[in-house]
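Me: Please take a close look at one single part of this model, and go through it in connected prose. I would like to know which contacts are involved and where they come from.

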There are 2 protein chains.
Amino acid sequence: MTVSRSIRNPDQVSDTLRDRIRAALDELGYIPNRAPDILSKSKSHAIGVLLPSLTNQVFAEVIRGVESVLEPEGYQTMLAHFGYSKEVEEKRIETLLSYNVDALIISDSVHTPKAQKMLENAGVPVIEIMDSTSSSPLHIIGIDNCAAARDMTQTMLDRGHRNIVFFAARMDTRTLQKIKGYQQAMAQNGLKTVVKETEKASSFSLGAQFLDEILQEHPETDGIICTNDDLAIGAIYACQKRNIRVPEQIGMAGFHGLDIARAMIPLLATVITPREEIGRLAAKNIIQCLNGQPPQMQTVQLDYKIECGESIRSNK
Amino acid sequence: MTVSRSIRNPDQVSDTLRDRIRAALDELGYIPNRAPDILSKSKSHAIGVLLPSLTNQVFAEVIRGVESVLEPEGYQTMLAHFGYSKEVEEKRIETLLSYNVDALIISDSVHTPKAQKMLENAGVPVIEIMDSTSSSPLHIIGIDNCAAARDMTQTMLDRGHRNIVFFAARMDTRTLQKIKGYQQAMAQNGLKTVVKETEKASSFSLGAQFLDEILQEHPETDGIICTNDDLAIGAIYACQKRNIRVPEQIGMAGFHGLDIARAMIPLLATVITPREEIGRLAAKNIIQCLNGQPPQMQTVQLDYKIECGESIRSNK
DNA sequence: TGTGGTAATGTTAACGTTAACAGAACAAAA
DNA sequence: TTTTGTTCTGTTAACGTTAACATTACCACA
């Protein structure tokens, strides 16, 4: 007990003893065991973060935002990912809760029934991030992906692109929202829609592959809007290979505003999303909950920004 | 106890009772608590993976390799990262061990003295990954970064590049090894070396910035070898902006062979590294250790592949 | 010398699960 | 009916830490 005290409340232990204890701990290389404390208090001082993928640059930045807040507060981030599979997500939720995480940050609104139930009964704060249009009863922090895609499509339409195609990849909630926004904008202008989709994750090479395919299937295509920057960039490379001029022949727009999109040639048209801010806000919200203050708002909707770059036609 | 048994050894419980128990668990949304088991057995069935960064694509693929092996074996991956700071690394090692991870995968050979001691006394298998030339006493799985950089430099020299500069970023062990290899190759050809470095992480925009700077500082530069593909790609964009022809005026080589490097124009010269394989092998090794079989080899050195692409001059 | 008070150290129980053992229930054979 | 054996269910203790309470040590002052 005295040892425990000399670590937690050093001033309650006499100087001599404290020094002897510290020396002994150093010599032994003692590392406190968190299991008993977690067991007796059901508090792990760890926050679970459950994301679809770590490979996706977008989520890496969300994590950075989360940790920038949790770290100074003394909370450990416990990362898990589920590869866009609802079944794996269910398992991950169970695992995180079984480790007694003090709160959970998740990134999708559609779950298996069992997962849904676990989230409801978790007994710890749960926050859903990324898409603000979600209908889930949880606290939500994100952007309006539907509106963002609609805006971007309208921007391309305004600049003379007509036969615009949507490149999707993994069909998660957010991508479905983007497709909806794209379809709304096209419908408003009386144009028909074409969506390329796959079960595979988005990547540069998938973008290139999609471009090759769409030229076969819809040679009239003069604009493409992608669910992620990497698809758009891969597609631009494929255009360059085939001597298709971007944006004159085909306009190209991405989503998220990754570092490369803002360094490449032509500069990519893209929707800049506040990924790090989403992570930061989610973490702040959780800290508030854990400190007993109920968060003010059910849903926090952040702004996105349409960046026109050089890969869509310029405004006449 | 019967409940516990009906979960772990269902056939030891009568059918009726098992069904009643299952119904009750379902209704309650019961999630087993791992803390007591961790406490009493000092086994968490979780493996700690400690990487410098999650933002770096390279490590995302290592993680995929690790999980592809651990997941089917029923082990949970517990990810942590330390942003290239040895002090943070020390804290992370302590945290992971305090959660009773059953083994540790780390990715650097230089640690604080305290971290070093913790690793020695961890009482669980520790494997160091990424660089096989490490002098640490741990089990090591990686590639020879020094030889890889030397080979790539020599390849560029063979193809007529002379004033080759090295673009580094975060100065971790691996980057230092690459610089060493570059310097060896240059010295063998009686050429002088120039290394650009920074504390910042590598990125596309950093590559562009480095290129602008090197043109000022060393206008005679006719070749660049980078510690990571993103630097090289950023530098190529900067060249395109300035109408510098790659590879005619400046040859450019990256490291790792990321997806984009193999889709872009010009195809990037790069060293293709077996990142996923490193993760897989490390995980397999750990499973072996945990099953009581001592692993065969102290150090496993994997092969890399020099990919010449189109961003260095072609062989005459 | 004793008394009162404070500072320092010690004791106990609790957290939830499971291994190991103990006991009960039941069926088949004597 | 009792005995034997098997199948099922119950009891206990252990894991390491810390909150809460209990005790001891020490010093100042009467």
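Reply:
**The surface around DNA strand D**

In this predicted model, a polar backbone atom of Pro36(A) is 3.3 Å from a base nitrogen of DNA strand D. Two further contacts go to the phosphates instead: a polar side-chain atom of Ser4(A) lies 2.4 Å from a phosphate oxygen of DNA strand D, while for Asn33(A) a backbone N or O atom lies 3.3 Å from a phosphate oxygen of that strand. Turning from single atoms to secondary structure, the elements that give two or more residues to the surface near DNA strand D come from both chain A and chain B, namely helix 1 (2-8) and helix 3 (35-41) of chain A, along with helix 1 (2-8) and helix 3 (35-41) of chain B.

Taken as a whole, the surroundings of DNA strand D comprise 19 residues, of which Ser4(A), Arg8(A), Tyr30(A), Pro36(A) and Ser40(B) come nearest. Of the atoms of DNA strand D that come within 4 Å of the protein, 60% belong to sugar and phosphate. Sorted by class, the surface near the strand is made up of nine nonpolar, six polar and four charged residues. In this sorting Tyr and Pro count as nonpolar, so Tyr30(A) and Pro36(A) fall into the nonpolar class, whereas Ser4(A) and Ser40(B) are polar and Arg8(A) is charged. For Pro36(A), the contact with the base nitrogen is nevertheless made through a polar atom of the backbone, and for Ser4(A) the contact with the phosphate oxygen is made through the side chain.

Key. Residues numbered from 1 in each chain as written. Chains lettered and ligands numbered in written order. Predicted model: local features only at pLDDT ≥ 70, side-chain atom pairs only at ≥ 80, totals over all residues. Heavy atoms only, no water. Near = heavy atom within 4 Å. Polar contact = N/O pair within 3.5 Å; in protein donor to acceptor, adjacent residues only side chain to side chain. Helix = DSSP H or I, 4+ residues; strand = E, 2+ residues; numbered from the N terminus.
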